[in-house]
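Biologist: I am new to protein models and would love a close look at a single part of this one. Could you pick a stretch and walk me through it slowly, and then show me where it sits in the whole?

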Amino acid sequence: MTTIKITSNGSVTLPARIRKALGLKVGDFVNAELEEGRVVLKPAKIINAEDSWFYTKEWQKGEAEADRDISEGNVTGPFDNIDDALKALKDAKE
């Protein structure tokens with residue numbers, strides 16, 4: 001166990017080995033939670049409001065479906081040119 005000193009303004013410094021193990025870099029964020037009398041820090045990612053659509057349930061459902069299709073080989077292409085790509089789209093529609 002590593003002992004960490006709290007500064008006068010409440011800051012703490014995470015040891016380099018812990019930052020490295022968690023992949024934390026300067027400017028990253030962590031969430032702090034109190035669990036059974038312990039402070040638990042967890043890496044956090046901040047999502048810009050304009051990117052939040054990507055993390056909706058509906059969008060993630062579509063992403064999961066696309067990942068399944070790719071892993072099962074249910075894909076068409078790659079195409080050498082736009083005409084072949086458009087033909088494949090038209091054929092799929094029929």
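Modeller: Happily; we will take the two strands and the loop between them, then step back to the rest of the chain.

First, some ground rules. This is a predicted model, in which local features need pLDDT of at least 70 and side-chain atom pairs count only at pLDDT 80 or more, while totals for chains, interfaces and linings use all residues. Residues are numbered from 1 along each chain as its sequence is written, and side-chain values use heavy atoms, with hydrogens and water left out.

Now find Glu36, in the loop that links β1 (29-35) to β2 (38-44). Strands here are DSSP runs of E with at least two residues, helices are runs of H or I with at least four, and both are numbered from the N terminus. Glu36 is not a glycine, yet its phi is positive, about 50°. It counts as exposed because its relative accessibility is 77%; the cut-offs are over 50% for exposed, under 20% for buried and in between for partly exposed, with a 1.4 Å probe and protein chains only.

Next, look at the charged side chains on the strands. Lys42 forms a salt bridge with Glu33 (3.7 Å, N to O), where the term asks for a side-chain nitrogen of Lys or Arg within 4 Å of a carboxyl oxygen of Asp or Glu. Lys42 also pairs with Glu35, again with the closest N and O atoms 3.7 Å apart. These residues are partly exposed: Lys42 has 36% relative accessibility, Glu33 has 35% and Glu35 has 29%.

The two strands also carry a nonpolar patch on the surface, made of Val30, Leu34, Val39 and Leu41, with about 390 Å² of accessible area together. Patch members have over 30% relative accessible area and no salt bridge; nonpolar side chains (Val, Leu, Ile, Met, Phe, Trp, Tyr) are joined within 5 Å, and like charges within 9 Å. The areas come from the Shrake-Rupley method with a 1.4 Å probe, and for residues only the protein chains shown count as cover. Both β1 and β2 supply at least two residues of this patch. Take Leu41 as an example: it lies in β2 and is partly exposed, at 38% relative accessible area.

Stepping back, the protein has 3 helices and 2 strands, in the order α-β-β-α-α from the N terminus. Its radius of gyration is 23 Å, well over the 12 Å that the globule rule gives for 94 residues, so the protein is more spread out than a compact globule. That radius is taken over C-alpha atoms, and the rule is 2.2 Å times the number of residues to the power 0.38. The C-alpha trace spans about 70 × 25 × 25 Å along its principal axes, and 6% of the 94 residues count as buried.

Further along the chain, a cis peptide bond joins Gly77 and Pro78, with omega about 5°. Pro78 is in the loop between α2 (57-71) and α3 (82-93). In helix α3, Asp91 and Lys87 meet in a salt bridge at 2.8 Å, N to O. The two are 4 residues apart, so about one helical turn separates them. Back on our strands, shared partners join Glu33, Glu35 and Lys42 into one salt-bridge network.
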